[in-house]
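Subject: Structure handover

Hello,

Here is the structure I promised to pass on. Please open it and keep it beside you as you read.

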Amino acid sequence: MLFRSYLGADNRFYIAEATLKMITRMDDISGSNKRISQYTGFKSPEGVAATSNGTLFVTDAGTHQLIKMSSIDDTNPSVVGGRGDRAWQFNAPRGIVLASDGNLYIADMGNRRAVRVNQGLSQWDALKNKWTPFGVAFR
């Protein structure tokens with residue numbers, strides 16, 4: 001089973017489960033109070049970033065998309081991207097982080113770059129390089 005875990009800005013623990021095609025949110029570390037996403041469009045979710053109000057941003061390497069969910073229960077999220085190399089397109093996006101500057105940074109592995117985007121998904125910058133990013137981290 002392929003999964004990655006993340007601590008959101010809302011102090012909840014999120015798990016991207018690529019094999020099971022879902023996102024799980026745990027409200028405490030014991031896992032006794034958890035919720036599973038009801039969105040059925042995931043193919044291979046790889047990364048999750050959560051804002052303090054519970055908005056989720058999910059990278060899906062299988063659909064080459066960034067998915068913005070208003071909450072873990074959102075069944076009709078905003079979806080952007082698709083396979084390509086324009087700033088707003090992806091090729092197997094993996095890691096994602098919500099940085100202290102309020103922007104999202106995405107590791108776009110197949111296009112060998114990082115992408116910076118604001119939370120409103122209206123401003124995109126592709127940060128090209130000659131490396132293959134798998135994850136991102138900010139301080």
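Below is what I found, from the whole chain down to single residues.

**The model and the overall fold**

First, note that this is a predicted model. The chain has zero helices and twelve strands. Read along the sequence, the pattern is β-β-β-β-β-β-β-β-β-β-β-β.

Now the size. The C-alpha trace spans about 45 × 30 × 25 Å along its principal axes. The radius of gyration is 14 Å, and a compact globule with 139 residues would have a value near 14 Å, so the two agree. Of the 139 residues, 50% count as buried.

What about contacts across the sequence? Take contacts between residues at least 6 apart in sequence: 37% of these join residues at least 24 apart.

**Strands 1, 2 and 3**

Start at the beginning of the chain. Strand 1 and strand 2 pair in the antiparallel sense, over five bridges. One partnership to find is Y6 with Y14, which sits in strand 2. The two strands form a hairpin with five residues between them. Look at N11 in that turn: its phi is positive, about 60°.

Strand 2 also pairs with strand 3. This pairing is antiparallel too, again over five bridges. Here A16 has I23 of strand 3 as its bridge partner. This hairpin has four residues between the strands, and K21 takes a positive phi near 60°.

Is strand 2 enclosed or open? Four of its five residues are buried, so strand 2 is largely enclosed by the rest of the structure.

**The open sheet**

Move on to the next group. Four strands form an open sheet in the order 5-6-7-8, with antiparallel pairing. Strand 5 and strand 8 (78–81) stand at the edges. Each has a single partner strand, so one side of each is left without a neighbour in the sheet. From one strand to the next, the twist averages 20°.

Inside this sheet, look at strand 6 (residues 56–60) and strand 7 (residues 65–69). They run antiparallel and are joined by five bridges. T59 has L66 in strand 7 as its bridge partner.

As you trace these strands, keep one general point in mind. In a regular strand, side chains alternate between the two faces of the sheet.

**Salt bridges**

How many salt bridges does the structure hold? There are six. The background is simple: side chains of opposite charge can pair when their charged atoms come close.

Three residues deserve a look together. R12, R25 and D27 are linked in a network of salt bridges. D27 bonds with R12 in a salt bridge, with the closest N and O atoms 3.0 Å apart. The two sit in separate loops, 15 residues apart. D27 is in the loop between strand 3 (22–26) and strand 4 (34–36). R12 is in the loop between strand 1 (3–7) and strand 2 (13–17). D27 also meets R25 in a salt bridge, at 2.9 Å from N to O.

Which members of this network are buried, and which are partly exposed? R25 is buried, with a relative accessible area of 11%, because buried means under 20%. D27 has 24% relative accessibility, so it counts as partly exposed. R12, at 29%, also counts as partly exposed.

Another salt bridge joins D108 and R113, at 2.8 Å from N to O. Both of these residues are buried.

**E46 and P93**

Two more residues are worth finding. E46 lies in strand 5 (residues 45–50). E46 is buried, with a relative accessible area of 1%. Its side chain makes a polar contact of 3.0 Å with the side chain of R94.

P93 lies in strand 9 (residues 93–98). P93 is buried as well, with a relative accessible area of 0%. What does P93 touch, leaving aside its neighbours within four places in sequence? The contacts include E46, T59, D60, I106 and D108. You have met E46, T59 and D108 above, so P93 is a good place to tie the tour together.

One last pair: P93 and S71 are 22 residues apart in sequence, and their C-alpha atoms are 21 Å apart in space.

Best wishes

Conventions: Residues are numbered from 1 along each chain as its sequence is written. This is a predicted model: local features need pLDDT of at least 70, side-chain atom pairs count only at pLDDT 80 or more; totals for chains, interfaces and linings use all residues. Side-chain values use heavy atoms; hydrogens and water are left out. Buried means under 20% relative accessible area, exposed over 50%, partly exposed in between (1.4 Å probe, protein chains only). A polar contact is a pair of N or O atoms within 3.5 Å; within protein, one must be able to donate a hydrogen and the other to accept it, and residues adjacent in sequence count only if both atoms are side-chain atoms. A salt bridge is a side-chain nitrogen of Lys or Arg within 4 Å of a carboxyl oxygen of Asp or Glu. Two strands pair if DSSP finds at least two bridges between them. Axes are lines fitted to C-alpha atoms, for helices over the stretch in contact, and angles run from 0 to 180 degrees between N-to-C directions. Contact means heavy atoms within 4.5 Å. The radius of gyration is taken over C-alpha atoms; the globule rule is 2.2 Å times the number of residues to the power 0.38.
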